[in-house]
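Colleague: I have this model open and would like to talk it through with you. Can we start with the strands and then move on to how the chains meet?

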There are 2 protein chains.
Amino acid sequence: MPEERSGGGVSRPSTVTVRIVGTGLIGTSIGLALSRNGFRVLLTDPSPTAQALAADLGAGRIDDEVAADVIFVAAPPDVAASVVAHQLRRWPDAVVADVASVKQQVADAVRAQVDPAQLRRYVGSHPMAGRERSGAVAAQADLFEGRTWVVCPQDETDPHAVELVQHLARATGAAVETMPAAEHDAAVAVVSHVPQVAASIVAAQLRDLPEAAIALSGGGIRDVTRIAASDPMLWTQILAGNAAAVAPVLQRVAEQLDTVARSLGRLASDATDAEGSRGAVARLIEDGRLGHARIPGKHGAAPATYATVIVPIPDEPGAFARLFHDVGAAGVNLEDLRMEHGVGAPVGLVELSVLPAVVDRLRDVLEDKGWSVHE
Amino acid sequence: MPEERSGGGVSRPSTVTVRIVGTGLIGTSIGLALSRNGFRVLLTDPSPTAQALAADLGAGRIDDEVAADVIFVAAPPDVAASVVAHQLRRWPDAVVADVASVKQQVADAVRAQVDPAQLRRYVGSHPMAGRERSGAVAAQADLFEGRTWVVCPQDETDPHAVELVQHLARATGAAVETMPAAEHDAAVAVVSHVPQVAASIVAAQLRDLPEAAIALSGGGIRDVTRIAASDPMLWTQILAGNAAAVAPVLQRVAEQLDTVARSLGRLASDATDAEGSRGAVARLIEDGRLGHARIPGKHGAAPATYATVIVPIPDEPGAFARLFHDVGAAGVNLEDLRMEHGVGAPVGLVELSVLPAVVDRLRDVLEDKGWSVHE
């Protein structure tokens with residue numbers, strides 16, 4: 001067990017050996033991040049080409065024989081549990097962590113395949129990073145920088161094993177959150193999986209819409225449907241893997257949509273019920289406003305209300321540079337930014353969010369520099 | 001009729017007088033935009049304070065007696081039709097346009113209140129702009145720059161009246177789209193009103209979620225729920241006003257969500273039906289991908305596939321300026337940009353979208369300048 005090497009505390013890089021099993025995007029990125037930070041990283045993948053590529057990229061050394069302190073199983077979700085079980089059996093002293101994006105299903109499958117004593121060395125985890133591209137070639141040493149990495153111990157998991165995985169996750173630049181697997185799955189059902197399904201279904205309504213109607217799309221639907229550009233196979237796996245947590249939330253969302261649809265249907269056909277129907281719609285929108293206000297601001301801070309200004313910028317190279325040079329000259333830190341596009345107009349609209357205390361200074365400086373500043 | 005003054009063509013500013021009835025955010029902004037472009041603008045509002053403020057801001061001159069060629073009725077949606085009818089009767093030579101965000105209901109109500117001959121001078125329109133703030137004090141001369149302004153003629157509407165309203169809308173900097181009222185309402189139901197309801201309902205699920213679960217919120221749910229921060233009263237009015245077009249689309253979305261929920265429910269409880277259930281989920285996500293791909297790119301162009309890179313930037317003033325200075329130095333035009341935040345990490349992730357042809361140059365230049373560039 002790792003604590004024997006590190007004297008019970010958190011290990012220094014030079015004393016910890018990490019094995020990556022599965023050198024795709026996530027596995028190779030973990031290897032790159034940990035190698036860069038001085039950890040010894042061993043790589044293995046069923047595909048000789050994939051593991052050679054990961055090694056060439058600097059993610060570690062190809063090796064399936066030397067013992068490691070921690071093994072990250074970065075296999076596809078549907079085989080993660082069997083690979084974890086295999087590694088727990090093969091390496092009786094190693095901590096074994098998986099990185100699949102659903103946690104209870106994997107943990108249950110691992111539990112069914114190993115002895116209780118082996119379960120002490122299993123740590124479920126979920127680095128919340130990833131790109132549309134896959135494979136070692138898309139890997140990045142800083143893929144996890146600024147991202148959340150959830151660690152989900154089982155009741156049986158050795159606290160030192162948890163600590164070691166947390167330590168390695170932090171070494172990749174991620175922010176670690178620790179919670180039970182069921183809690184993770186319930187959380188991502190609401191904050192990730194249900195929004196994905198909702199975005200896909202809203203976007204699906206555009207499929208057969210006339211061109212002239214599509215042309216009225218604005219910033220709102222662009223935001224709502226941005227994640228609908230995702231890969232159907234990947235999302236089918238994720239949703240199926242977390243079906244027990246996702247289904248009831250989706251059901252609730254479907255019922256609430258149905259309630260609003262019925263209220264509006266009554267309003268359209270029969271004004272006598274207007275009052276009650278309007279109330280149901282208003283309550284729903286207000287509940288959404290309250291829910292939205294709970295989403296954390298930057299850096300996981302309590303939700304902040306930022307002041308927002310909109311600046312039209314011409315469609316030409318260098319326009320952003322001029323704008324952000326002037327923002328920098330104001331000594332103002334941006335909390336958020338986004339861009340909107342009008343249809344058919346040669347101008348972009350940049351929305352800048354800043355702390356309320358500095359918005360007047362920002363506006364003054366930008367107007368001084370000749371920018372038009374909206375609120 | 002205006003064509004008599006302009007010889008049948010589009011009028012020059014100096015020959016057209018515009019009256020704004022209702023000097024709130026939209027009315028005052030129209031006044032500011034048209035005054036700045038040399039049109040003579042007359043202002044009137046039931047509130048003496050509101051009209052005085054609009055005049056002080058430079059939106060036009062207070063006057064309820066001089067005849068105007070075009071009257072923009074910028075009254076609240078629920079009184080727009082009666083104000084339009086009143087103006088059509090009072091000024092028998094003027095073109096009267098409203099700016100409400102639903103069009104069929106207003107047109108029907110106008111039709112019920114005026115003679116067929118008067119209907120020739122009514123032009124429904126919808127400038128797709130607006131801010132959370134309201135009132136003349138929030139008005140901006142360039143509120144409509146880069147935005148879409150939909151013009152919805154009735155069958156009876158005089159083509160010259162339509163032309164004149166289109167001309168004035170363009171003079172504010174907006175891009176004009178012309179379509180029947182029912183088509184507008186059906187379009188905004190799908191591209192604006194249903195996404196709003198979906199975003200609100202997804203966000204509403206966060207209302208009572210534990211803090212630790214909320215902390216896992218990422219860029220996806222932030223995008224999906226951004227518009228859920230909207231005003232319940234305003235949206236209740238909009239949804240009620242377009243209830244006939246919104247209700248069936250919402251009903252369809254609710255049914256599709258229910259289908260996915262049931263498929264996932266079967267997957268969670270009974271693996272025998274797994275194949276069919278997975279297929280239903282995958283089809284839905286794929287439909288969403290196809291629908292999303294139809295949303296126009298910048299400037300109403302055909303949807304473009306942009307190349308995207310992600311650059312982590314430190315959380316300090318001037319970081320954006322440095323980044324965008326370097327982007328500008330690459331001679332690359334940004335097509336889109338957004339910012340993501342990790343939870344608990346002192347770094348922001350800026351996503352830059354550019355034409356695929358220039359992404360290599362962008363990456364090279366940024367890496368030369370010391371930025372870490374992800375794909």
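**Strands and chain contact**

Modeller: Sure, and keep in mind that this is a predicted model. In chain B, strand E1 (residues 17-21) runs parallel to strand E2 (residues 40-44), and 5 bridges join the two.

Colleague: Which residue in E2(B) does B:Arg19 stand opposite?

Modeller: B:Arg19 belongs to the stretch 17-21, which is strand E1 of chain B. Look across to E2(B), and the residue opposite B:Arg19 is B:Leu42.

Colleague: Which are the edge strands of the open sheet in chain B?

Modeller: The sheet has 8 strands with mixed pairing, in the order E3-E2-E1-E4-E5-E6-E7-E8. An edge strand pairs on one side only, and that picks out strand E3 (61-62) and strand E8 (175-178) of chain B.

Colleague: What relation superposes chain A on chain B?

Modeller: The fit takes a rotation of 180° with 0.0 Å of shift along its axis, at an RMSD of 0.1 Å. That makes it the relation of a two-fold axis.

Colleague: Which residue of chain A comes closest to the rotation axis?

Modeller: Going by C-alpha, the distance is 2.0 Å, and the residue is A:Val224.

Colleague: Why do the copies meet through the same surface?

Modeller: The contact takes 126 residues from chain A and 126 residues from chain B. On the side of chain A that touches chain B, 73 are nonpolar, 31 polar and 22 charged. The copies meet through the same surface because the share of chain A interface residues that are also interface residues in chain B is 100%.

How values were computed:
Residues numbered from 1 in each chain as written. Chains lettered and ligands numbered in written order. Predicted model: local features only at pLDDT ≥ 70, side-chain atom pairs only at ≥ 80, totals over all residues. Contact = placed C-beta atoms within 7 Å. Nonpolar A, V, L, I, M, F, W, Y, C, P; charged D, E, K, R; others polar. Least-squares fit on C-alpha atoms with pLDDT ≥ 70 in both. Pairing = 2+ DSSP bridges. Helix = DSSP H or I, 4+ residues; strand = E, 2+ residues; numbered from the N terminus.
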